[in-house]
Amino acid sequence: MQKLFRFATDYVGYILKGGVRFYAWMGTLALFIVGMLYVFYLQNTEGLIVTGMTSQIHEGLYFSNLVFLVGVAAGAVTIVFPAYVYHHEGMHKVSVLGEMLAITAVIMVMMFVFAHMGRPDRLWHMIPPWGIYSLSSMLGWDVLVLTGYLILNFVCGFYYLWCKYTGNPINKKWFIPLVFIAIVWALSIHTVTAFLIATMPARPMWAHTVMPIRFIATAFAAGPSLIIIIFLIIRKTTRFWIDDSAIKLLTTIVTWCLGIALFLTLSEVVIELYARTEHANGLYYLMFGLHGLTGLVPWFWSAVVLMIGAFILFLTPSVRNNMTLLPIACAMAFAGIWIEKGMGLIVPGFIPTPIGEVTEYYPTFVEWLMTLGIWAFGFFVLTILLKGAIGILLGDIKFGAQAATAK
Amino acid sequence: MLSLSSLMGTAALMTHSDDAHAAAEWGEHFQKNYRLMTEQEKIEARDRLQRRYSAEYGKPVSVDITGAQPGVLMGYALNIRKCIGCRRCVHACVAENNQSRGTRPGEKIEWIQVLRMERGKFEKEKMEHGYPEGLGIQVGGNAYTPAGQVLEGQFRYTPEAVPEKDATYMPIACMQCEKPPCVKVCPVRTTYREGDGPVVIDYNWCIGCRMCMGACPYWARRINVTTPVLPKEAMNPVTHYLGNRPRMRGVVEKCHWCLQRTRQGRYPACVEVCPVGARKFGNLLDPESEVSKVLERKNVFRLKAELNTFPKFFYFYD
């Protein structure tokens, strides 16, 4: 027990130790977080009228980010899987960082859920025994798998760090099975999120069997893209060295998942637009506009340019092996997928409405501030988790080495 | 985060609770899902609401909790040939069911839409048009004439007089499906099918996730993006718990076939007001009811039948 207390104080002490740059970064993020809290208050006193959402288009920027971030959370498995299934040395060293990213992404997803809900004060209605948990609802399943994934990653990640901290050997009897459960679970969170929208025949834009695999493919492109960028930042700003082999494997994963994602998007375009039924109206709106409304057209085409551009860059050896050019390709892939799977997928699902009304959705300032704030909160949490984890991996935080932190 | 959101909710609640019905609000906040309430709890919930509404709207407001009547399955039939597109049903519905009637976007809620469909016409002049241009082999020039098109309706038309010569009308509202997709997706089971047929919502249990709105193939549901704008003098004080009682911010609402009326043996407001008698309502289990007669003798169809939602709202023509 005392050890645990020590762990907590050492961990916090290490994180609080930082230079001007660290505090400037955290302070900037905190500003956005304050803004987020204010608009959250606004939404829960004025109502969702402060957002751009309507009865016609009732899922917008929040739901888009939610869907995207579930993918980022699942994407962390691209580190854990090679580490534990293929015993990849470089990945094994950093697998705990992937778990920290997963924890962060799931927390962000939950915050976007609160932002999206009309009555977040009634959240307890879906938590037994006070509330009702409905197994017939995909949203119910989504909450279940996301909560489970958060717990799994928390337990796996922090148990690993705890063992490194104390110097005790890892109890593989339950740790390894748990890691494997977490790997399968990662697939489940994004599959269920795809089911969430694909199980509504009222929205033909989404009611496709291809949706789950498209979600997984884009997730395993966007997630590792972010991870590569984070790894390169870690290499630059800390003494912790991440092997080239780990980054190269991630690059390969991104390349081919991005390729599959592009292939699926292209297939959808061909299949939908060849017959051009009314069910293709959503996609048509996204690509070319409908009834003179073209709000998402620039979004879609910029996503296409970003994703294809990133794919070509990833295929070019001089780019993918160059650690200064690689982050550009990663950022392009990440941004492209954020658009394609976020606003580009969610909003056209509502255009036209099931009775044929064509309206548009524009996020308001409140929504942008909330979104920025939640992302800022995500980076805030991620910075803390990664700093602590790296401190332990480097041996800076170690049981019985308090002298180091006391300085 | 859970505690944070609860705190924010509580804070939001407390800022409004400086008046007499604060206790009623708290009781409402922690009450159970309506379906799981005992009879006693339902009565308590009703009394709480009656107190709050009466104070808020400055007149005695009744909240009915009459349950489903045995041997009744409500059904609806609409004669699309007769409809003249006057939209009296829309306005009667708004007045009866205490919908929000503000001016900001999202503050104006209507449960019925009367879709206006252009008749369109086929023309000789278009024969040589089409795609590819000049040949019209793959797509004839008359292809884009709107005749018979069902899904590209518009319902915000403002004609000088109805019926318009070049239009037909298609009223649409909640279909009260026997297999409602909205019920299936609700994570808290706040929307459900009542024993006598209508799909209802416990507004006090709804968390505002809007999954039901996504699942509905008929766009029957509306979200209260803000506290509904309901003038005191216009408020209808005869309400039902699952029906037309005033809603709150952040919850979903929709047509419930005027439970406050139909459970007392009256017609829904839209049926009563229809000047051409296009709307029929009754007990599907009673072979002598109007709606049963329609089903027996007329050509009827259900909207989007291919989705297997099995609406109890039928269209017919004679």
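# Reading a two-chain predicted model

User: How many residues does each chain give to the contact between chain A and chain B?

Analyst: Chain A puts in 43 residues and chain B puts in 50 residues; two residues are in contact if their C-beta atoms, placed from the backbone, lie within 7 Å. This is a predicted model, where local features need pLDDT of at least 70, side-chain atom pairs count only at pLDDT 80 or more, and totals for chains, interfaces and linings use all residues. Residues are numbered from 1 along each chain as its sequence is written, while chains are lettered from A and ligands numbered from 1 in the order in which they are written.

User: Which element of chain A gives the most to the side that touches chain B?

Analyst: Helix 5 of chain A does, with 4 residues. Helices (H or I, at least four residues) and strands (E, at least two) are DSSP runs, numbered from the N terminus.

User: How do I read a nonpolar core?

Analyst: In soluble globular proteins, nonpolar side chains tend to be buried together. A nonpolar core here is a set of buried Ala, Val, Leu, Ile, Met, Phe, Trp, Tyr and Cys residues joined through C-beta atoms within 7 Å. Buried means 20 or more other C-beta atoms within 10 Å of a residue's own, exposed means 12 or fewer, and partly exposed is in between, with C-beta atoms placed from the backbone. The largest core has 208 residues, and A:Ala73 is among those with the most contacts inside it. Helix 5 of chain A supplies the largest share of this core, 19 residues. Leaving aside neighbours within four places in sequence, A:Ala73 has contacts including A:Ala102, A:Val109 and A:Ile189.

User: Is A:Ile253 buried or exposed?

Analyst: A:Ile253 is buried, because 22 other C-beta atoms lie within 10 Å. You'll find A:Ile253 in helix 9 (residues 244-275) of chain A. Not counting residues up to four places away in sequence, A:Ile253 touches A:Thr78, A:Phe220 and A:Pro224.

User: What about sheets: in what order do the strands of the open sheet in chain B come?

Analyst: Two strands pair if DSSP finds at least two bridges between them. In chain B, 4 strands form an open sheet in the order 12-2-14-13, with mixed pairing. Strand 12 (279-283) and strand 13 (299-301) of chain B are at the edges with a single partner strand each, so one side of each has no neighbour in the sheet. Strand 13 of chain B pairs with strand 14 (residues 313-317) of chain B in the antiparallel sense over 3 bridges. B:Phe301 stands opposite B:Tyr315 in strand 14 of chain B.
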